[in-house]
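Biologist: Could you take me through one part of this model at close range, strand by strand, and then show me how other parts of the chain compare in their details? I'd love a connected account rather than a list.

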Amino acid sequence: MLNRIRRLFGSDEAKDVAFSEGWIDGFFGGVASKSGASVSTGSAMQVPAFYRGVMVIADGLAQLPLVLYRKSGKGSEPATDHPLHDLMLYKPNGWQDGMEWVRTTVMHAASSGVGVSYRNVVNGQLRELIPVKPEHCQIDIQPTLDLKYCLTLENGQYMEVGRDEVFHLRGPSWDSARGLDPVRLGKEEIGLSQTIAEMQAKMHKNGVKPSGMFTLDGVKAGDPNIDRTRENITQMYSGSPNAGKPILASGALKFTPIQFNSVDAQTLDTRKHQIEEIGRLLGVFAIMLGHAGDQSPTFASAEAFFEAHVRYTLQPWIKSFISACNTQLLTMDELRDGYSFRMDTSELIRGSLKDRTEYYKAALGSNGSPGWLDVDEVREDDGWNPRGMTTIFAPVGMAPTGEGGLPIVPQAVEPVAVETDATKAAADGYTPTDEMAAEARRGLDWREEFNRGGTAVGVSRARDIVNQRGLSRDTVMRMVSFFARHEVDKQGLGFSPGEEGYPSAGRIAWALWGGDAGRAWANRIADQIERAEEG
């Protein structure tokens with residue numbers, strides 16, 4: 001089949017092409033199932049169970065804020081100064097907010113195995129993520145085993161781009177290039193659901209299904225009394241306005257109801273079973289599709305189902321989505337510097353007010369056990385503003401024990417104040433020097449003029465240095481790591497004045513981090529920090 005398609009479009013190049021199943025479905029009218037129905041992604045989304053299963057996954061991820069964090073001290077904090085923070089959280093493109101883009105991307109991936117967005121990059125910075133319909137995306141595996149994406153945008157624009165120019169969320173993948181298409185894998189289950197729904201719709205439209213039968217004793221076929229009686233019954237008792245009226249008739253008129261037969265019951269059972277089959281196909285519990293099975297769940301069992309839904313249905317998609325964001329939107333330098341995307345799943349598993357109260361009591365310290373959260377952390381987790389209450393409590397009398405189980409009484413030690421750059425900057429951070437600020441300003445000017453050198457992290461760092469903002473301990477350590485990794489850039493052409501291509505991309509990146517003055521300053525501060533921590 002693929003060879004015919006290649007010949008049809010005049011391609012004689014010997015390579016593997018992973019055509020979009022949605023594109024093939026659209027070209028050939030869908031995939032035929034044994035039930036006779038033609039199944040495509042579009043027709044599958046018209047099956048309520050399939051649509052609800054896809055949306056349960058997509059909405060489950062879309063309701064979670066996608067936030068970019070960076071390591072800070074022993075924890076992490078939102079990287080609000082990084083361009084990707086606001087882009088991914090608030091406005092990935094000109095017409096979608098963060099929730100809508102996540103929902104569309106996951107909906108494409110869950111329904112077809114492929115969720116692709118074109119990355120619109122301007123001056124080296126990601127400005128937009130534009131979703132592409134799965135049926136408008138073709139993946140070409142090059143002879144070099146690299147991937148080429150053939151995309152058709154909503155405005156009809158066609159482009160061929162590399163994998164670094166797209167964001168690609170895959171479903172479970174067999175060939176590693178694109179995710180498996182659940183519509184093609186489950187075409188029989190989806191096709192049977194379509195066929196049964198269509199059969200019952202036509203039966204209601206064209207079939208004869210009366211609720212009962214009237215008989216007139218002693219009246220033969222063709223007697224005008226039959227037509228007269230039918231008209232009277234229809235006029236007086238049919239339709240919703242006449243529902244429930246008592247029927248008054250002579251003894252010659254007899255009514256026989258037509259009962260619900262076994263074929264009707266089997267049809268209903270089949271439709272219920274197809275809901276469960278489609279749920280298995282998508283990895284979604286039937287209760288999340290509005291189908292409880294033979295028995296209605298209790299509150300306890302329903303809660304267990306919802307917890308299982310988060311763990312076994314949503315968590316794999318969440319991890320896959322976060323991994324795609326980290327590896328495709330962040331550079332290796334940014335990953336080494338501690339940047340990473342997160343989705344907070346606490347809202348999905350947040351319990352009742354009583355359960356949360358018990359959890360917070362234990363977290364603050366109770367029943368002879370030390371706490372692990374302070375009051376401000378509890379307030380923030382519950383949606384309240386902090387109040388400056390940052391003490392973590394331990395029960396009175398709890399102390400480490402020594403030989404024989406006797407408590408160890410700590411001896412008071414008078415601290416010795418040694419003022420260094422490391423101790424002076426404990427509160428406000430380490431202030432960059434004037435030489436560093438001048439070099440960072442030079443780097444920003446170069447980057448604007450030549451449109452090369454450095455990353456979004458480097459630009460953010462340069463702005464902090466130019467404004468001589470206090471830099472944290474972790475930032476200083478990241479600067480030491482950066483200069484150590486990029487020392488080799490000095491050997492490249494264009495690093496020194498007078499060389500061709502000056503200033504090179506490596507020279508500009510070096511300047512953004514404060515240049516030689518920044519390296520000497522960061523190394524000095526790092527040495528002082530290490531001595532202070534060791535002593």
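Modeller: Gladly! In this predicted model, let's begin with the open sheet whose 3 strands come in the order β7-β6-β11, with antiparallel pairing. The edges are taken by β7 (125-132) and β11 (166-170); each has a single partner strand, so one side of each is left without a neighbour in the sheet. From one strand to the next, the twist averages 25°.

Now for the pairing itself. Strand β6 (residues 114-122) runs antiparallel to β7, and 7 bridges join the two. You can pick out individual partners along this pair: Arg119 has Leu129 of β7 as its bridge partner, and Val122 stands opposite Gln125, also in β7. The hairpin of β6 and β7 has 2 residues between the strands, and Asn123 takes a positive phi there, near 55°. Turning to β11, you will find that 5 bridges join this strand to β6, again in an antiparallel run. Here Val114 stands opposite Arg170 of β11. As background, strands of a sheet pair through backbone hydrogen bonds, either parallel or antiparallel.

The sheet also has a helix against it. Helix α6 (residues 98-112) packs on the sheet and touches β6, β7 and β11; the direction of α6 makes about 140° with that of β6.

For a companion view, look at another open sheet of 3 strands, ordered β5-β4-β14 and paired antiparallel. Its edge strands are β5 (75-78) and β14 (339-343), each pairing on one side only. In this sheet the twist averages 45° from one strand to the next. Strand β4 (residues 66-72) and β5 run antiparallel, joined by 4 bridges. Within that pair, Tyr69 stands opposite Pro78 of β5.

Moving on to the helices, a single residue makes a nice stop: Ala363, which lies in helix α14 (residues 353-364). With a relative accessible area of 0%, Ala363 is buried. Setting aside residues up to four places away in sequence, Ala363 touches Gly371, Trp372 and Leu373. The C-alpha atoms of Ala363 and Asp374 are separated by 8.0 Å, with the two residues 11 apart along the chain.

Our last stop is helix α17 (residues 434-450). This helix has 17 residues and reaches 24 Å from its first C-alpha to its last, close to the 24 Å expected at 1.5 Å a residue. The buried residues of α17 are Met436, Ala437, Glu439, Ala440, Gly443, Leu444, Trp446 and Arg447. When you look at how such positions are spaced, it helps to recall that an α-helix has 3.6 residues a turn, so residues three or four places apart point the same way. As for what they meet, the buried residues of α17 pack against α18 (456-466), α19 (473-485), α20 (505-512) and α21 (515-534). Just after α17 comes Asn451, with a positive phi of about 55°.

Notes
Residues numbered from 1 in each chain as written. Predicted model: local features only at pLDDT ≥ 70, side-chain atom pairs only at ≥ 80, totals over all residues. Heavy atoms only, no water. Pairing = 2+ DSSP bridges. Axes fitted to C-alpha atoms, helices over the stretch in contact; angles between N-to-C directions. Contact = heavy atoms within 4.5 Å. Buried < 20%, exposed > 50% of the residue type's maximum accessible area, 1.4 Å probe, protein only. Expected span 1.5 Å × (residues − 1).
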